[in-house]
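Visitor: I would like a close look at one part of this structure. Please take a single helix and follow its surroundings outward.

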Amino acid sequence: MRIVVLTGGIGGARFLKGVRAHARSINADVTAVVNVGDDVRMHGLQICPDLDSVMYTLSGAADPERGWGRVGETWVIKEELAQYGAEPTWFGLGDKDVATHLVRTTMLSAGYPLSQVTAALCERWQPGVTMLPATDDRLETHVVADVEGERKAIHFQEWWVRYRGKVPTHRFVFVGADAAKPAPGVLDAVAEADVVLIAPSNPVVSIAPVLAVQELKQAVADGPAPVVGVSPIIGGSPVRGMADTCLTTLGVEVSAAGVGRLYGPRAEGGLLDGWLVDTTDEGADVPGVNVRAVPLWMSDETATTAMVAAALNLAGV
Ligand code: FO1
């Protein structure tokens, strides 16, 4: 069996641990199609937060509290940069993490596409799933917000890290999306998939930038594989992060049903055949979509693996 997961962010990385565990138990292959909208160039380095969160989390190298960056990290480079007053000082680059960005930036500068760079980094980390960026092209999430007394578009990382999303926010723009093509292997993976899962990631800034790659979204919507999503909202709140702020900005109800309706039923041009919600959201109404309520707290890998089994069961695979 072939499982494809659309994913981004820290929650998505944690979800993938359960997907990998369940896949191993049924001898299935997993391909993670990972958001690149968070990617940012800082201090001359190309940083890919969601790809790195997946790679580090699946290889046990991620800091379990932060969910991003490396466990046992040191911050000498960050402190030295601050001593030079080298902006941005609000974005923390760990010393071990910098090595990843140096290798990635060197390979990108030599002309390797991000998908090949990711495969090269995974040689070391062996995540146990195939990791594909949604696109090798430039695609960046920018946020139109009122900051320092003016309305302007800032990079997602500045919105997320510097301002913590605590500024009047008006729009999310996926710069480059209209020209972005699916990375090599993505369309084949979707075409050959027995099931496509949408991870419980932030629907607005982690999943939407993946779906902004039009050919990718169309391939999922038109593909033969059943599509089952997992709600990132439990009992009206996101498990972590700022999905509530993001959904409110879009005028979408902050609920399991609201996100299910955002992705929409496949029969009406949307993506979903099935929608997994937490037991507290039993009865969530998503017209045209098969909704099932199971425990969705990813308290540990066993709980996450049970969620994945429920998702595949809902997909009928
Ligand atoms: N998140 C923070 O809250 N503060 C940081 O200083 C920070 C640095 C950072 C460096 C590399 C990296 O891969 C991720 C980093 N993140 C940081 C997390 C990042 O903003 C998020 O992981 C995603 O972009 C949102 O899911």
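Guide: This is a predicted model. Take helix α11, residues 256-263: six of its eight residues are buried, so the helix is largely enclosed by the rest of the structure. The buried residues are Ala-256, Ala-257, Gly-258, Val-259, Gly-260 and Tyr-263. Just after the helix, Gly-264 has a positive phi of about 80 degrees. The cover over the buried residues of α11 includes two helices, α8 (203-211) and α10 (243-250), and the strands β9 (195-198), β11 (233-234) and β13 (274-277).

Of these, β13 can be followed further. In a regular strand the side chains alternate between the two faces of the sheet. In β13, Gly-274 and Leu-276 lie on one side and Trp-275 and Val-277 on the other, and all four are buried, so both faces are covered. β13 runs parallel to strand β10 (residues 227-230), to which three bridges join it; here Gly-274 is the bridge partner of Val-228. β13 also pairs with strand β14 (residues 290-293), again in the parallel sense, over four bridges, with Trp-275 opposite Val-291.

Another member of the cover, α8, leads to a separate topic, an open sheet of three strands. Its order is β7-β6-β8, with antiparallel pairing. β7 (150-155) and β8 (169-175) are the edge strands, each pairing on one side only. From one strand to the next the twist averages 25 degrees. Six bridges join β6 (residues 140-147) to β7, and Val-147 stands opposite Glu-150 in β7. α8 packs on this sheet and touches β6 and β8, its direction making about 25 degrees with that of β8.

How values were computed. Residues numbered from 1 in each chain as written. Predicted model: local features only at pLDDT ≥ 70, side-chain atom pairs only at ≥ 80, totals over all residues. Heavy atoms only, no water. Buried < 20%, exposed > 50% of the residue type's maximum accessible area, 1.4 Å probe, protein only. Contact = heavy atoms within 4.5 Å. Pairing = 2+ DSSP bridges. Axes fitted to C-alpha atoms, helices over the stretch in contact; angles between N-to-C directions.
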